[in-house]
Number of protein chains: 2
Amino acid sequence: MSVDPYMRGRMTERKSYVPPFELGKALEGACVGKILESKNNQFPVGSYVLGISGWREYWVSDGSSGSGVSKIDPNMGPIQHFLGIFGMTGLTAYVGLLRIGQLKEGETVFVSAASGAVGSVVCQIAKIKSCYVIGSAGSEDKVKWLISDAGIDYAFNYKELKSDISTELVKAEYSKNGIDLYFDNVGGDHLEAALNHMKTFGRIVLCGMISQYNATSLTPGPSNIFLAITKRLRLQGFIVRDHYDMLNQFHADISKWVNEGKIKWKETIFEGLENAPKAFIALFNGENFGKTLVRIGPS
Amino acid sequence: MSVDPYMRGRMTERKSYVPPFELGKALEGACVGKILESKNNQFPVGSYVLGISGWREYWVSDGSSGSGVSKIDPNMGPIQHFLGIFGMTGLTAYVGLLRIGQLKEGETVFVSAASGAVGSVVCQIAKIKSCYVIGSAGSEDKVKWLISDAGIDYAFNYKELKSDISTELVKAEYSKNGIDLYFDNVGGDHLEAALNHMKTFGRIVLCGMISQYNATSLTPGPSNIFLAITKRLRLQGFIVRDHYDMLNQFHADISKWVNEGKIKWKETIFEGLENAPKAFIALFNGENFGKTLVRIGPS
């Protein structure tokens, strides 16, 4: 099963694009599974499926189109890739960068949570598009991976800065005269620093604000939002499920890039349903690296 | 001459889309004037011009294309209209609403500083486009004018609220299920309240943030900016001078609407260059109503 930052929002009682989790009921989330018993010829025993009933050891489905269950091809790669690089995570990066961000070849791109599941794909698609890519991450290991494996141009550890993110961005974009596209997974001080360094007519893709999700009181927004006017910026939020029309195009591109070795992919796998809460909490304190998964059944 | 909120930004030493005013030199700004002496056949004595050398009683120009001087037709209306409804002010409203905001017929629109020079035109263009229009203004007189003269659907005095702007918007958009387009002239608490009431896929046009211009320290941005993600909002800043390509289309539309009596226009005129600072300050404490002008020469 996949654990994802958006699930935090479902733990708060409020109106949003998905209803909150309910007390006393199992949580939900994307998962891949193997058919153990079947009365449906479409899903023979032993075949693999993608589903939306994570956070439990097994589930029963009639396989109808509304059930959220679809078959996956285990020959395409490890089945858990359908939760990540081949799944919603990869599509989020793809849609955010290309459709919402309207990325152009050779631009300067800043990505926060750059070694995370979405961020790492964003970084590498931007590199494929010949961009200059700057990433922030929360440990020295992650920074090293971003440079050596993901191949981005500049990375920094935001948890151990001598001064602040803005100062780091001055160094990072020194030769580039600013950032064309900021892909925001973090919000807070990252968004504020990015605003300071955006080029005129830059775009800010609002994908997530993980720094805010556990806040118990309202936290101030960027004090420099006025720069959106003087720099004529566009800030745009999106949710991947509005963009499933790009799925075929995405699958064609991403499988090509993965096969060509142009996209590296990191996973942190926790073992057993009993460790799912731990896996989820790891998303927020940065103990994860790349995509966070929980292995429930035998692999 | 015209006094406009953007001039406040030029009184701060910082990099922006126009350079700061310089100490010891006359300020600059849009003005209309009459030719008193001429050695240029293109500009005979007695003709009227639009210029960029406000904040002084007269000026000398060679009339070349780089001089910022162009002839205006006094038969089109009062010459000061070229500083307002027929000029940059009107074009700002037009570009912001139609190009940046992509306004559609029948939408729900919220405008802050709604009785101001830009805001009042925004309100009335939105009404022409059959929209439901909500406006905020800073006095009872302005609220009355918005309803009875500008013909908008709901207006409130943000300086005398029983609770807060968000509560007022609940009442205003009650039957509309939210705001499709917020035209922001104010920033601060108006922007934060608007975010709470935007519809999914709504657009926020960032035109000005007059509540922030006199701030002597950084003021927090909207604490609910995260809603831009869950509601898939687009926030976009703009500067009118990037959009002069719309000038002909704007002139055709605006002169038609004004001739048909569909757009009412308010002016606050201060007399004499010595009162120009007072006129400018009035922009920020809300003593103005509609477009703020200073009459320098004899009319």
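**Notes on a two-chain model**

1. Start with helix α3 of chain B, residues 117-128: its 12 residues, at 1.5 Å each, should span 16 Å, and the end C-alpha atoms sit 17 Å apart, which agrees. (The expected span is 1.5 Å times one less than the number of residues; helices are DSSP runs of H or I with at least four residues, strands are E runs of at least two, and both are numbered from the N terminus.)

2. A quick word on the basics. This is a predicted model, where local features need pLDDT of at least 70 and side-chain atom pairs count only at pLDDT 80 or more, while totals for chains, interfaces and linings use all residues. Residues are numbered from 1 along each chain as its sequence is written, with chains lettered from A and ligands numbered from 1 in the order in which they are written.

3. Back to α3(B): 10 of its 12 residues are buried, meaning 20 or more other C-beta atoms, placed from the backbone, lie within 10 Å of the residue's own. Among them are B:V118, B:C123 and B:I125. After the helix comes B:S130, with a positive phi near 60 degrees.

4. Now the two chains together. Chain A superposes on chain B by a rotation of 180 degrees with 0.0 Å of shift along the axis, RMSD 0.0 Å (a least-squares fit on C-alpha atoms of residues with pLDDT of at least 70 in both). The copies are thus related as by a two-fold rotation axis.

5. Where do the chains pair up? β9(A) runs antiparallel to strand β9 of chain B, residues 234-237, joined by three bridges. (Pairing takes at least two DSSP bridges between two strands.) A:Q236 has B:R234 as its bridge partner.
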